[in-house]
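Q: I would like a close look at one pairing in this model. Start there, then carry on to other strands and charged side chains.
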Amino acid sequence: MTTPIKLTPIGTYATGIFDEGAAEIPAYDRDSQRLFVVNADSVTVDVLDLSNPSNPTKLFSIDAEAFGGSANSVAVKNGIVAIAVESDNTQEPGKAVFVDVNGNFLNAVSVGALPDMLTFTPDGKKVLVANEGEPNDDYTVDPEGSVSIIDISCGVENLTQDNVTTADFQAFNSKLQELRSAGVRIFGPNASVAQDLEPEYIAVSPDSKTAWVTLQENNALAVVDIETGAVTDILPLGFKDHNASPSLQTFFFDEASLPVIGTTESKGDIKLSGFSGLYFEGINPETGNLQFLTHLDRGPDDGEDRNGNRIFLLPNLQPQLVRFELDKNAGTLEVTERIFLKTQDGTPLTGLPNLRGLDPDTPADPNGNLLGFDPLGADLEGVVRAPDGTYWAADEYRPAIYHFQADGTLIERYVPQGLPSEVGTPALPEVYNLRQPNRGFEAIAFQDGKVYAFLQSPLNNPSARQTATTRILEFDPVTKTTVGEYLYIQDDIGRGSDKIGDAVALDKTGEFLVIERDSGFGDDSIKNVYRINLANATNLQKLSDSVLASGETIDSLTPAQLAQKGITPASKELYADLAELGYGFTDKPEGLALVNPTTIAVLNDNDFGLTDVPIGLGLVSLNNALDASDRDGAINIRNWPINGIYQPDAIAPFEIHGQTYLITANEGDARDYDAFSEQKRVKDLKLDPTAFPNAKALQADDALGRLYVTSTLGDTDGDGDYDELYSFGGRSFSIWDSQGKLVYDSGDEFEQIAAQLFPQEFNSNNTSNGTFDNRSDDKGPEPEGVVTGVVGDNTYAFIGLERIGGVMVYDISKPTSPNFIQYINPRDFSVQFDVDEDGDPDPTTEQVIAAGDLGPEGLVFVSANNSPNGKPLLVVANEVSGSTTIFEIDTLQPHAVSSNSVFPSQPGYVVNQGGISPSVDSFSLGQLYTNPLQLNTGIGSESELAIASVIDNEIPLA
């Protein structure tokens, strides 16, 4: 069982030095209760007193410049401090320098070029150094990468160069093609294998016998036998498919438990069902359940009688909105509220047709008695909740758009012009009266203050059978007028895909998801979700009448004829094939909701149980999605036809049930030198027309055009164009076994979490605020550092995000299914920096300190046994803000409740906001705080309400 923990910042040492690496790598010594922090700005290792973690103070500095160039890494064990110091000429050998905890020099030995990281083995007998061996800018000097193994078992004071063993890669020089074929990236100009491999970070096995070394640029791990001092293997890490197929989870209502809404002689009891439309309302703060809103359509019918009258089995059925919740832990769906819809004077609405002679159905009861018409009768087919708490619903009778108060009272009904006033306010184009019978509006969405209504099928203008073109209407609730109309081309009508099922707005202006469907069942039926975009679509409201020739109608034109007239329909691309994924048990997927940027929910209409079709809520989740553009003006986490190169920076070992695992922070890094650069933007590459038939659209700045990819991979056939695309970094953390086999990857969770908690600062840079989406084209949040630690009976991972900042916390006790626990980011995004004459950030010391932590680089976990205050601590050094922050880790008392997933395997979450340190927490196995929604801002009720409003609209990572 996961032990709930919570990180809280309790102390910070701030240098106030901006973007000079004044706090990079920390190391902690238990006996002296001192923290050693690499300070690249002053070319020192700062020594901090951590005896009071709430008030870390600087004692003195160790001058690294006396031993060469800058210090890159520091480690401490048994009172010995080891420092990796690069040479002034970084292509020359560096040094490993040893001092005591008081900074007194003990010894030094030479190691390889550019020693970037060092660590003690767990038994304290050896120090390992990762010598990166980077080339110079003109690539004329490229030193070999290596790992130095320093034997200190006979005492540091007795060290000589003879105690240093170099584990190099020369034995692999003859295996160049073999390594490349296996997936190891070896691509430096004229470089041998030994020169090209660049050790970045080291993890050592608990028995001190084996080391695993990240080769970041090469996307591989090196395995080192510490006892023999030799590299025994190079393990390629493979690539991450950012265009992976979606996955589906389906949950079914227990129909026996649903309330009875009416009883008939022929059909018996009829249960609450017939749901058509879906809206995601958020998370229940007490249980973590996912909350949805749906509604009934006009009610069950029994076809036509012998006189051609439509038999309404429940003629007095009142239309209603239905709230229900999904408990993912239990796999159950439960109705929680019913809102009955009524006119302004309180008269219940019905589902009966509106106008005799204009509606195709003449209503009759089960006994054949004719029923009256209801001018405001509703056959609802879609619903959204507006930001003001009112509801907008689509109706397929007229078609019409309904607007309801929160209690279900009708505010207004908008209909096409040319109809009697008793059916509603004429605000829609008159041509919509040509809708096919009962095929009016089937979907509704709300975006940027506008209501969008989607016709189910083509208009009879003049004949629906001649076209696959339908319309999307844009309605302004303020002016109560139609302000836009756009054409949408459905799939091949001849195949039976003749209807829209529902639609939902995406975060990006003009983008929606739309269900298209046929009337079939099974895996070969047509149940597709498309992503559509109105950005370049022609607004028919602004089209000149002269465009059409005499006798022509917009709806009768073929796509080719539309193109000839310069009329552009909405663009569309397949998002998910529901039937292929397994949602083919129904003919009517008629509800669609956005749960989070990469998860949608689908709900079907079961015709009030008159068939044997169950009611199923499907959750469709994209896998390995990412936001690829910094120029789209929105959070747009989605699948793209690219591969991610994991390229881990930091690596840490951990042991579960006697088995060693490795966890990596998949930062990504490109070789970008004066004489050679692999970094290219997608828009600057020639894409293969067969592999990328939509290359023009993909290479737009708001699509993939701005994304940085490598030029060294992707031309699979050697013809000069790119058949595949590879971007830098996995934007994730991964868990590997000791043989380098992938056990788990966090996919797109980092970007999803950041998008939820920091929607205005998503993928920000670390050098200034107000940089929303700035890093989406370039490795996103950039996870760089990772450490592990044991709290209670559980093992946790702490991952630093270099760009947006903060630390992600996961329970990794089950390596195949880690649980997300918390994201905490002690950064104040409201602080504005001064700028220099070039417009670059040039903050004052006060501004740097006020901004909080920027650019987390190195992390160290301090167990409770080693902690100066008896509680586990996490120390994070931040290179941009030059600050070192201490987080206290508290074990919380869980409160057992039924809760739901924030991720596929993580139930619930808690939001805690203390000052400028927001965090989002999740606990597994139904363990949550007694009060799962805590808003401890300390900054006034208005701010608290604002935060609560944001959280109310947050979307769980289902």
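In which sense do β57 and strand β58 (residues 873-878) pair, and over how many bridges?

A: The model is predicted. In it, β57 and β58 pair in the antiparallel sense, over six bridges. One position can be picked out: Phe 861 stands opposite Leu 874 in β58.

Now the sheet around this pair. It is an open sheet of four strands, ordered β1-β59-β58-β57, and its pairing is antiparallel. The edges are held by β1 (5-14) and β57 (856-862), each of which pairs on one side only. On average, neighbouring strands of this sheet are turned by 20 degrees against each other, direction ignored.

Another sheet makes a useful companion. Here five strands form an open sheet in the order β29-β30-β31-β32-β33, and the pairing is mixed. Why does one side of β29 and of β33 lack a neighbour in the sheet? β29 (380-385) and β33 (425-428) stand at the edges with a single partner strand each, so one side of each is left free of a neighbour in the sheet. The twist averages 30 degrees from one strand to the next. At the β33 edge, strand β32 (residues 410-416) and β33 run parallel, joined by three bridges. Pro 416 has Leu 428, in β33, as its bridge partner.

Next, charge. Side chains of opposite charge can pair when their charged atoms come close. With a cut-off of 4 Å between a side-chain nitrogen of Lys or Arg and a carboxyl oxygen of Asp or Glu, the count comes to 44 salt bridges.

Take Glu 198 and Arg 671. They form a salt bridge, with the closest N and O atoms 3.1 Å apart. This pair links distant parts of the chain, 473 residues apart. Glu 198 lies in the loop between α2 (193-196) and β14 (199-204), and Arg 671 in the loop between β47 (659-666) and β48 (679-681). Both Glu 198 and Arg 671 are buried.

Glu 511 and Arg 531 are another case. Their side chains meet in a salt bridge at 3.0 Å, N to O. The pair links strand β39 (residues 511-517), which holds Glu 511, to strand β40 (residues 527-533), which holds Arg 531, 20 residues apart. Glu 511 is buried, as is Arg 531.

Arg 310 and Asp 301 also form a salt bridge, with the closest N and O atoms 3.6 Å apart. Arg 310 has 18% relative accessibility, so Arg 310 counts as buried. Asp 301 has 26%, so Asp 301 counts as partly exposed. Arg 310 and Asp 301 belong to a network of salt bridges that also links Arg 298, Glu 304 and Asp 361.

Last, a charged residue without such a partner. Arg 827 sits in the loop between β56 (819-824) and α7 (845-851). Arg 827 is buried yet has no salt bridge. The nearest side chain of opposite charge is Asp 828, 8.2 Å away. What does the side chain of Arg 827 reach at 2.8 Å? The backbone oxygen of Asn 765. The Arg 827 side chain also makes a polar contact with the side chain of Asn 769, at 3.0 Å.

Note on methods: Residues are numbered from 1 along each chain as its sequence is written. This is a predicted model: local features need pLDDT of at least 70, side-chain atom pairs count only at pLDDT 80 or more; totals for chains, interfaces and linings use all residues. Side-chain values use heavy atoms; hydrogens and water are left out. Helices (H or I, at least four residues) and strands (E, at least two) are DSSP runs, numbered from the N terminus. Buried means under 20% relative accessible area, exposed over 50%, partly exposed in between (1.4 Å probe, protein chains only). Lys and Arg count as positive and Asp and Glu as negative; His and the chain ends are not counted. A polar contact is a pair of N or O atoms within 3.5 Å; within protein, one must be able to donate a hydrogen and the other to accept it, and residues adjacent in sequence count only if both atoms are side-chain atoms. Two strands pair if DSSP finds at least two bridges between them. Axes are lines fitted to C-alpha atoms, for helices over the stretch in contact, and angles run from 0 to 180 degrees between N-to-C directions.
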